[in-house]
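Here is a friendly walk through the fold, with stops at the sheets, helices, cores, cysteines and a few backbone details. Keep the structure open beside you and follow along.

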Amino acid sequence: MSFVTHLEAAIDGTELPHDEPQTMHAGRPLWVRYDLAAVAAVADRDALAVRTPSMWRYRELLPIEDEANVVSLGEQMTPLLRCDRLGAALGVHDLWVKDESGLPTGSFKARGLAMAVTRARELGVTRLAIPTAGNAGGALAAYAARGRLEAWIFMPADTPVVNKAEAANHGAHAYLVDGLITDCGAIVRDGIEPMGWFDVSTLKEPYRIEGKKTMGLELAEQLDWRLPDVVLYPTGGGTGLIGMWKAFAELDAIGWLEDPARPRMISCQAAGCAPIATAWAAGSRFAEPFPDPATSASGLRVPSAVGDFMILDAVRESGGEARAAEESRLVGWARRGAALEGISFCPEAGAALAVLEDMVRDGSVDPNERIVVYNTGAAQKYVEVIELPLETVGTPIDWSALGAASVLGEHVGEPRPP
Ligand SMILES: *Cc1c(COP(=O)(O)O)cnc(C)c1O
């Protein structure tokens, strides 16, 4: 039994029942609403300590009717890592990285799709379909396999090779589309009736947000229920940012926060696809479709987000900002972070680090603030874009040719001399 009371249309507050499959209302996403007073009455923060350290430990704030239905690949709580060397490189003193790269299928998409697949199964849905630019397809393929549901996956032909491989490898019906993610979306939309598909696209069903919400619940617990000053989050469709902001509100409502102060949410995008940052700069609540989207951070290649106003509302309420970083800086920062801290940063997180660099430079963050950057995926999923600054050595080795390059830190993140 869950504490869910109903679903609520984000655009106009219309209430919908949660005990049947739902998608959107008026073409816009739905919120899952809970009886938070009842949750506050029964749920005990201190009781978490004896529960399994996974996203499912917050069960009173999750939409699952029966725990036996949970489709899981072992979604462990992800590490919150203090990063002093990376902080020093950026000029800040209290930097943390919430590292999602170790989740099943190597990205935080696992959280959303574990929840969506679980709820689909609870509601008797059997055929799931998704348009994807990358990690969502891989995660759907894996969770659908685990939950014994069908997955139909449509991805642009230039999707990263690892994402193509994982979709096929997990036995999904996987197709490459000669077009953009929007063309993939159109195929899924058209197939709903003839193929009997349920569309699990970002924010087109209500439960992926609830899965992503657990990123915020974990963060609060890991920081002893005191939220940081600033959260930087690489934003594509926005489920993660929207979900975290919802998590903080729900934690406040049930009285679990030691201090009600919430972080400034910084929505970080790549300049090659920055609809949210563009809308933010224009002061509008809705985003225009971004023309000719191009970025190596495939998770950020979302030219029009159906939850645009939910992202922008959260950013505004939080006192945050939406910003974009130049494409040329993403991989450099991801690699620099990887070299300094051993964390497998994806290019999307590279965008967040580059935005943080800009914010430090122009004084939008104070160097003493507590800052959390989300690393949403693993570098090894991006074999095409992670540059490999490797040199071949001959045998016998000419030791003089190795020089000082082997001294850790000397050449970190800097281009090698020609
Ligand atoms: C999907 C994705 C994002 C964007 O996530 P949203 O929550 O939909 O904005 C960021 N990083 C990676 C690695 C992704 O796969």
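## The parallel sheet

In this predicted model, four strands make up an open sheet with parallel pairing, in the order S8-S7-S6-S9. At its edges lie strand S8 (173–177) and strand S9 (198–199), each of which pairs on one side only.

Look next at strand S6 (residues 127–131) and strand S7 (residues 150–156), which are joined in the parallel sense by 5 bridges. To find your place in this pairing, start at Leu-128: Ala-151 in S7 stands opposite. Helix H5 (residues 161–169) lies across S7 and S8, and its direction makes an angle of about 160° with S7.

## Leu-128 and the nonpolar cores

Leu-128 is worth a second look. The largest nonpolar core has 88 residues, and Leu-128 is one of the four that touch the most other members, along with Leu-113, Leu-140 and Ile-153. Which residues is Leu-128 in contact with, once neighbours within four places in sequence are set aside? They are Val-117, Ala-120, Leu-140, Leu-149, Glu-150, Ala-151, Trp-152, Phe-198 and Val-200. Ala-151 is also the residue that stands opposite Leu-128 in the sheet.

A second core, separate from this one, has 33 residues, and among them are Leu-90, Ala-270, Ala-354 and Met-359.

## The antiparallel sheet

Another open sheet has 3 strands in the order S2-S1-S3, and here the pairing is antiparallel. Strand S2 (15–16) and strand S3 (30–34) are the edge strands, pairing on one side only.

Strand S1 (residues 4–9) runs antiparallel to S3, with 5 bridges between them. If you want a landmark, Glu-8 stands opposite Trp-31 in S3.

## Strand S10 and its partner

Is strand S10 (residues 230–234) enclosed or open to the outside? S10 is largely enclosed by the rest of the structure, because 5 of its 5 residues are buried. Both of its faces are covered, with Val-230, Leu-232 and Pro-234 buried on one side and Val-231 and Tyr-233 buried on the other.

S10 pairs with strand S11 (residues 264–270) in the parallel sense, over 5 bridges. In this pairing, Val-230 stands opposite Arg-264 in S11.

## Helices H9 and H12

Helix H9 (residues 275–282) has Pro-275, Ile-276, Ala-277 and Ala-279 as its buried residues. These buried residues pack against S11, helix H10 (308–318) and strand S12 (321–325). Just after H9 comes Gly-283, with a positive phi of about 75°.

Helix H12 (residues 347–361) contains 15 residues and reaches 21 Å from first C-alpha to last, close to the 21 Å expected at 1.5 Å a residue. H12 is largely enclosed by the rest of the structure, because 13 of its 15 residues are buried. A glycine with positive phi follows this helix too: Gly-363, with a phi near 80°.

## Cysteines without disulfides

How many disulfides does a search of the whole structure find? The count is 0. A disulfide is a covalent bond between the sulfur atoms of two cysteines. For Cys-83, the closest cysteine sulfur is that of Cys-346, and at 14 Å this is too far for a bond. Cys-268 is in no disulfide either, as its nearest cysteine sulfur, again that of Cys-346, is 12 Å away.

Both Cys-83 and Cys-268 sit away from the outside: Cys-83 is buried, with a relative accessible area of 1%, and Cys-268 is buried, with a relative accessible area of 0%.

## Two positive phi values outside glycine

Arg-148 has a positive phi, near 55°, although this residue is not a glycine. You will find Arg-148 in the loop between helix H4 (135–147) and S7. There Arg-148 is exposed, with a relative accessible area of 68%.

Trp-225 is another residue other than glycine with a positive phi, in this case near 65°. Trp-225 belongs to the loop between helix H7 (207–222) and S10. Is this tryptophan buried or exposed? Trp-225 is buried, with a relative accessible area of 8%, whereas Arg-148 is exposed.

Methods: Residues are numbered from 1 along each chain as its sequence is written. This is a predicted model: local features need pLDDT of at least 70, side-chain atom pairs count only at pLDDT 80 or more; totals for chains, interfaces and linings use all residues. Side-chain values use heavy atoms; hydrogens and water are left out. A disulfide is a pair of cysteine sulfur atoms within 2.5 Å. Buried means under 20% relative accessible area, exposed over 50%, partly exposed in between (1.4 Å probe, protein chains only). A nonpolar core is a set of buried Ala, Val, Leu, Ile, Met, Phe, Trp, Tyr and Cys residues joined through side-chain atoms within 4.5 Å. Contact means heavy atoms within 4.5 Å. The expected span of a helix is 1.5 Å times one less than its number of residues. Two strands pair if DSSP finds at least two bridges between them. Axes are lines fitted to C-alpha atoms, for helices over the stretch in contact, and angles run from 0 to 180 degrees between N-to-C directions.
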